[in-house]
Amino acid sequence: MDPIDLRSDTVTQPTAQMRRAMADAEVGDDVWGEDPTVNRLEARAAELLGKEAGLFVMSGTMGNLVSLMAHLPRGHEAIAGRQQHVVLDEAAGHAVVVGASIRALDDRADGTLDLAAIEAAFRDPTDFHEPITGLVMLENAHAHSMGQALPVAYVERVAAIAHARGVPLHVDGARIFNAAVTLGVAPASLAAPADSVTFCLSKGLSCPAGSVVVGAQPFIDRARRARKLLGGGMRQAGILAAAGLVALGDGTGGMVERLAEDHANARRLAEGLAGIRGIVSPGDIAQPEPGPLDPSRVATNFVLFKVERERMAFLEAMLGRGVRMDWYPHGQVRAATHYGISVADVDTTIRAVAAELAA
């Protein structure tokens, strides 16, 4: 039997409906704007997030990168959390490609940045020694805080700070639909304060590839030029976009509502792990000192924890027991629930961890 794969929600397989839609997709040359399926996906994404236009890109990293390129002139600076994906996990594209620096602030236990710290991080534009602040960035859901969702009111307050200083707010919303589902709000409400948002189709939404950037039309026009510069212009991309249209379908016909199942499975997993000797707190930005795992901190589909033994040896042993997990920063182990992971898989995982740590 194949292992239960909890390494990430990027390991999801496309649904049968997605595969049929991809096989039957109407396509054209997207660089010329002639792929009708891509055009429909971009329009659907913009509609769901309450924005004027959208742009289909190959990955979340590309989505963030073209957004930075569209917002920031060379030599400018963005304000972001030091634990955000764009800071830690995107190969310094902000510096290498955009030519921008990042003023990195401490992320808090709930995934937010301190509002006063954001205010204080703005540079003095009259001082030629300093870069010019040109953007504020948030990540929602915030991965390194165990997938915490940033509420609408907080995003609104950050946007107000940014806009008062004349700069836009970009939200890395790789898992923004997870955030919206756990908060019980419409995705458009969560995206409304931001000037631009990216989200991934290839994570919890189960598509084989792709992300979408949304915002006002002039911003999307600049992002489209940036995508071309990066070599991201695609041709008959409707074959991939068709899966995205299925994912963004309404109700049970799409993949958004069912994210609640992943969240419930993650909480079930955390509750089971919390009772196992040898499992301790994740050691993340919220709880750096060893202590019991707190299942109440599981807000979306991430479970982060530590084991009281050598981590890589534990991961290898778990694979031998039929369960894949992943290493994660701060000395953690990550287990991410997703489409294809059942309640039975969760219970099997709990038993396997208990058996391994008792061995």
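**Pockets and cores in a predicted model**

Me: How does the lining of the largest pocket divide by class: how many nonpolar, polar and charged residues?
Reply: This is a predicted model, where local features need pLDDT of at least 70 and side-chain atom pairs count only at pLDDT 80 or more, while totals for chains, interfaces and linings use all residues. Residues are numbered from 1 along each chain as its sequence is written, and side-chain values use heavy atoms, without hydrogens and water. Ala, Val, Leu, Ile, Met, Phe, Trp, Tyr, Cys and Pro count as nonpolar, Asp, Glu, Lys and Arg as charged, and the others, Gly among them, as polar. On that scheme the lining has eight nonpolar, eight polar and eight charged residues.

Me: Which lining residues lie nearest the centre of the largest pocket?
Reply: A pocket here is an open set of points on a 1 Å grid over the protein atoms alone, where a 1.4 Å probe fits, with protein on both sides within 12 Å along at least five of seven lines; lining residues have an atom within 4 Å of a point. There are 24 lining residues, and nearest the centre come H85, D89, R175, K203 and R334.

Me: What are the classes in the lining of the second largest pocket?
Reply: D2, H338 and Y339 are among the residues lining that pocket. The split is five nonpolar, four polar and three charged.

Me: Which residues does L248 contact, leaving aside neighbours within four places in sequence?
Reply: Contact means heavy atoms within 4.5 Å. With those neighbours set aside, L248 touches L41, R44, A45, L48, F177, F199, L201, L205 and V256.
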